[in-house]
Amino acid sequence: MATGSFATAINCMDGRVQSPVKHWLKDNTGAEYVDMITEPGADKLVADGSLSQREAIRAKVLISVNNRKSGCIAIVGHHDCAGNPVSKQEHLKHIRKAIATVTSWNLGVRVLGLWVNDKWVVEPLTESGS
Ligand SMILES: [Zn+2]
């Protein structure tokens with residue numbers, strides 16, 4: 001592909017999670033590049049943020065989908081998150097709610113959830129379980 005293929009991550013700004021998420025998406029979606037949209041506690045922001053917070057993230061996602069033709073959007077939560085300091089179970093709830101939010105944007109691309117564990121290894125969320 002002449003311009004390369006893209007995936008999109010709605011990820012925490014935490015510097016420990018950028019590389020694992022980028023590499024997981026490249027390895028598992030076939031994307032050559034990953035557009036990284038970073039916010040502190042991004043999973044909670046998309047799940048429970050104000051309308052203006054969610055719209056700001058949506059505007060960034062639209063650039064990635066419309067201009068870069070991203071084929072996949074990943075919502076990421078991670079261990080030891082300062083921006084969203086809750087249990088793993090709460091993070092998984094936020095990620096699932098965020099998936100529903102992003103899916104409701106009707107962008108026509110795959111939406112998935114990722115958990116970065118205490119070893120900084122990426123674990124994809126299953127469709128229904130945890
Ligand atoms: Zn974080």
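Here a biologist quizzes a modeller about a predicted model.

Biologist: What makes Cys-12, His-78 and Cys-81 donors of the zinc ion?

Modeller: Their atoms SG, NE2 and SG sit at 2.0 to 2.2 Å from the zinc ion, and the cut-off for a donor is 2.8 Å, so they count. Water is not among the atoms, so the site may look incomplete.

Biologist: How are those donor residues spaced in sequence?

Modeller: The pattern is C-x65-H-x2-C. Cys-12 belongs to strand 1 and Cys-81 to the loop between strand 3 and helix 4, so the pair ties together parts that are 69 residues apart in sequence.

Biologist: Why is Cys-12 called buried?

Modeller: Because its relative accessible area is 4%, and buried means under 20%. Cys-81, with 6%, is buried too. As for strand 1, seven of its seven residues are buried.

Biologist: How do you know that strand 1 pairs with strand 2?

Modeller: Seven bridges join them, and pairing takes at least two, so they qualify. The two strands run parallel, and one of the bridges puts Phe-6 opposite Tyr-33 in strand 2.

Biologist: And what makes strand 1 and strand 3 a pair?

Modeller: They share three bridges where at least two are needed, so that is a pair as well, in the parallel sense. Ala-9 has Ala-74 as its bridge partner in strand 3.

Biologist: Why is the contact between Glu-39 and Lys-60 called a salt bridge?

Modeller: The N to O distance between their side chains is 3.0 Å; the limit is 4 Å, so the name fits. Glu-39 lies in strand 2 and Lys-60 in helix 3, so the pair ties together parts that are 21 residues apart in sequence.

Biologist: Buried or exposed: what is Glu-39?

Modeller: Buried, at 16% relative accessible area, because the cut-off is under 20%. Lys-60, at 38%, counts as partly exposed, since that class runs between 20% and 50%.

Biologist: Which residues are linked with Arg-16 in a network of salt bridges?

Modeller: Asp-14 and Asp-80. The closest N and O atoms of Asp-14 and Arg-16 are 2.8 Å apart, while Asp-80 and Arg-16 meet at 3.2 Å. Both values fall within 4 Å, so both pairs pass. Asp-80 is in the loop between strand 3 and helix 4 and Arg-16 in the loop between strand 1 and helix 1, so this pair ties together parts that are 64 residues apart in sequence.

Biologist: How many salt bridges turn up in the whole structure?

Modeller: Eight.

Methods:
Residues are numbered from 1 along each chain as its sequence is written. This is a predicted model: local features need pLDDT of at least 70, side-chain atom pairs count only at pLDDT 80 or more; totals for chains, interfaces and linings use all residues. Side-chain values use heavy atoms; hydrogens and water are left out. Donors are N, O and S atoms within 2.8 Å of the metal (3.2 Å for Na, K and Ca); water is not among the atoms, so sites may look incomplete. Helices (H or I, at least four residues) and strands (E, at least two) are DSSP runs, numbered from the N terminus. Buried means under 20% relative accessible area, exposed over 50%, partly exposed in between (1.4 Å probe, protein chains only).
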